[in-house]
Amino acid sequence: MIKSIIILIILSLCIGTAAWLFFIWTVKRGDFDDVEGPKYRMLDDDDDSPSQPGASQGEKP
Amino acid sequence: MSSLNATAPVSTGSCCSISETMASPDTCVHCNLPIPPADLVVDQIDGKELHFCCRGCQGVYRIISGAGLDSFYRNRSWDQQGVASGAFDAEYDDASLAAHVIRRDETVAEIPLLIEGIRCASCVWLLEKLLVRERGITTMRINYGTHRAVVRFNPQETTPARVLASISRLGYLPHPFSPGAAQQAAAREQRSLLIRFGTAAFLSMQLMGFSFALYGGYFHGIDPDIRRLIQYLAAAVATPVVFYAGWPFLAGAWRSLRNRSASMDLLICLGVCTAYGYSIAAMIKGGEVYFDTAAMIITLILLGRLFESAARNRSISGIDKLLQLAPDSANRVVGDETQVVSSASLTPGDIILVRPGERIPVDGQILDGVTEVDEATITGEPMPALRQNGDRVAAGSLNLSTSIRLEVTRVAAESFIARMARLVEEAQDRKAPIQSMADRVATIFVPLVTIIAAGTWAFWWFSEASHAEALLHAVSVLIVACPCALGLATPTAVLAASGSAAGKGILFRGGDILETTARVDLIAFDKTGTLTHGQPTVEQIIPAPGQTETALLELASHVESGSNHPLAIAVQTRARAAGIMPAPDKPVTAVPGRGLQMNGINGQVLAGSRAFLTDNGVEVPALDSGIRTEVHLALDGNWQGLLLLNDLLREEAEETVGKLKKLGMATVLLTGDRPETARQVSDMLALAEYHANMNPADKTAWIENRQDQGHLVMMVGDGINDAPALSMADVGCAMAGGTDIALETSDLVLNRPHLESLYEAIFIARKAMQVIKQNLFWAFTYNLITIPLAASGKLAPVWAAAAMAGSSVLVVSNSLRLGRLLRRTF
């Protein structure tokens, strides 16, 4: 009983520490510096692709 | 050339991307501006016929569309002013940019930039997408909030000048930018606060698990060994929360102790330290521990601080943006040569050359050249001003039409912009920090609690109790008086109120601003752009005898259609409203600051000021136009009539001022304008007072004077000239469309250019204050009941903890009620 409790406690401490280290890493990386941007970036659809060269030229003078 | 204009079958418009922008045939697909028919450029792109107002727009459209980024046109929403035309002729050179480049290694370099002209999220998106397709540019990241960007490039493949040129080719103005020391410190501060909060939150979560077990053990029994183990673990996770995450509070408490004043920090520290110290002692002796109380107080209050500091940091960057307006380098003229020197090295008497499209680096006097100068960012006046020999120009204004030579009159550190930045800084320093309500409460509460605890100890000591028992009762008084509900009372109400305010485009920079806004009793308005629209409108058309209004308007629109001058745009708008399509039949010559001339089919047409027509031999009848701007028209030397233009009052101004008066506010007009204009505006809106001819320092002094008389002053303004007054006022309020600097030195931002928002802001603030008072009242009632119980030794600490949680829940739900109430009201 006491053994399993100790194992679980150590496990939860390890997971907590991992999450905490991950958090520190993201702050240091600057992921929280611009909290405005992600809500727009999320909506960018990346399927825009450059149109075929020549196709958009229309009539050149 | 002509083949471009060749008529092609009009597209069916079925293809999604362009059909929406095609809706209005006489506006440019790229810039959304009306197209003067003479300049119409028709182009075929992807089988669709598109209309542009100029080759420039066509070019940019081809760049964007060619890169497959058509979504820009679908997603953009432009509600801010762009960059003035003429600003793009500036050239970038590597030598002057070299100082800003940060070299990482041989193939990686970075340049930090501040980008002018970003108006919405689509601009950011477009720039990021297009720039990385340029040769040599690896990444480009723009901050949506601050418009700062870092471009990472390969110096072997491209040069900084080419990077800046590609940005300006897209219609944005890049400025090399290195953040100041104050700003870097603020950013570090923000990060460290975030890490402190994150750490406190993660550890508190762990702690909750342990506390849960301990509470369970208290009620249902627990093995003493396991209890001891869990208590040690709880102490292990709580210690860093108190001493690392809680460090700002401990330091603040120490400071306030040294100043012999009580603050919220001291109260927090008192609660945390007793809970923590008692728990440590109890753990050693084998009693109950309350580490969770200590940790939760710190975590919750750190969260409140985090929100506050994020809002506050933006005001620091305002000053930097102000200084950025004056360019770093200038062209000094020595003999026949011009050399690029840094603006800081210029001394009075030097002669510099300012080309069209450049901002003026230092204050100076024009030696030769006649030009129009855009002073909008400085004065808020929408119309370019004519400047010629002998006139003084201010640093930061934009030279629009021709090259001018200036004699430097002040060194860069003394320029208009620098003086303005200093005024802002001084005003921010001088403004007494607003003591928040929680702090005011703490000044009474802290001594009271200490006295009661000491009294409790003394009482039990002198009665029959043992030493240890007396101490225990005193400690439970301190624990019970924990500021949890007190600490939550304000932040939660502030969050609920500012959240629902943000939904209406009203931004409060922090909780203290909300409090002060609720208590403001005097509102000072700037005129241009605040009470008025900030751009001229045709108010009246007076045709000469024998002429009709329509004919006059048509004549005017023909001459004015080619011009971007605000007056011309107003005439074009009016003409279009009357169903007239402006079309100049012949080229138009512009005489800066005076008028326009066109040799049309029907004869020579003149449009411009009274002086312009009289000088050209036209007889103009005398007329009193009051404060309005006159545009006279003549055909072949005969006066045809005039248009009267005015910067009209906002439609909602009168109603809003009326509502504000009902709330008991005094309303005042502070303007740099002429007394006649000020009186007219003041009469129309029934304002209590008006003050004309005020410069920025006058406005600041006036506000300070009123503050000394005991008023709480709100200032509403939009220009750089208002920035010092905005900082000085207890609440500085800026409206959308104002300059960035005004927006960032203000405490309250109205994102919708509508005065009604101002009334809403005050209403929300007052409601929020009511809720804060209710919350505080409840928190006190809780203390009023529990402290006597604890002092008399009747309250087991576990029940105290439960009562505390209950009072916190009550406070939070009362704040949530506020959010719902506000959503229902508007």
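# Exercises on chain B of a predicted model

Helix α25 (696-708) of chain B lies across β18, β25, β26 and β27 of chain B and runs at about 160° to β27(B). Such angles run from 0 to 180 degrees between N-to-C directions, with axes that are lines fitted to C-alpha atoms, for helices over the stretch in contact, and two residues are in contact if their C-beta atoms, placed from the backbone, lie within 7 Å. This is a predicted model, in which local features need pLDDT of at least 70 and side-chain atom pairs count only at pLDDT 80 or more, while totals for chains, interfaces and linings use all residues. Residues are numbered from 1 along each chain as its sequence is written, and chains are lettered from A and ligands numbered from 1 in the order in which they are written.

## Exercise 1: the seven-stranded sheet

Find the order of the strands in the open sheet of seven strands, and work out which strands stand at the edges.

Step 1. The order is β17-β29-β28-β27-β18-β25-β26 in chain B, and the pairing is mixed; helices (H or I, at least four residues) and strands (E, at least two) are DSSP runs, numbered from the N terminus, and two strands pair if DSSP finds at least two bridges between them.

Step 2. β17 (506-508) and β26 of chain B each have a single partner strand, so one side of each is left without a neighbour in the sheet. Neighbouring strands of this sheet are turned by 20° against each other on average, with direction ignored.

Step 3. Strand β18 (residues 522-525) of chain B runs parallel to β25(B), and four bridges join the two; Phe525(B) has Leu669(B) as its bridge partner in β25(B). On to β26(B): β25(B) pairs with strand β26 (residues 689-691) of chain B in the parallel sense over three bridges, and there the bridge partner of Leu669(B) is Tyr690(B).

Step 4. Strand β27 (residues 713-717) of chain B and strand β28 (residues 731-735) of chain B also run parallel, joined by four bridges, with Gly732(B) in β28(B) as the bridge partner of Met715(B).

## Exercise 2: from β25(B) to β26(B)

Describe the β-α-β unit that β25(B) and β26(B) make with a helix, and examine the loops around β26(B).

Step 1. The helix is α24 (residues 675-685) of chain B, and the unit is right-handed: with the strands pointing away from the viewer, the path from the first strand over the helix to the second runs clockwise.

Step 2. Strand β25 (residues 666-670) of chain B is mostly covered, since four of its five residues are buried. A residue is buried if 20 or more other C-beta atoms lie within 10 Å of its own, exposed if 12 or fewer, and partly exposed in between, with C-beta atoms placed from the backbone.

Step 3. Ala686(B) lies in the loop between α24 and β26 of chain B, and its phi is near 55°, a positive value in a residue other than glycine. Ala686(B) counts as exposed because it has 11 C-beta neighbours inside 10 Å.

Step 4. Asn693(B) lies in the loop between β26 and α25 of chain B and has a positive phi of about 55° although it is not a glycine. Asn693(B) is exposed because 11 other C-beta atoms lie within 10 Å.

## Exercise 3: the six-stranded sheet

Give the order of the six strands in the other open sheet of this exercise set, and state how they pair.

Step 1. The order is β19-β24-β23-β22-β21-β20 in chain B, and the pairing is antiparallel.

Step 2. At the edges stand β19 (537-543) and β20 (588-591) of chain B, each with a single partner strand, so one side of each is left without a neighbour in the sheet. From one strand to the next the twist averages 20°.

Step 3. β20(B) is joined to strand β21 (residues 595-600) of chain B by four bridges, and the two run antiparallel; in β21(B), Gln597(B) is the bridge partner of Thr589(B).

Step 4. Helix α21 (residues 566-577) of chain B lies across β19, β23 (629-635) and β24 (638-646) of chain B, at about 75° to β19(B).
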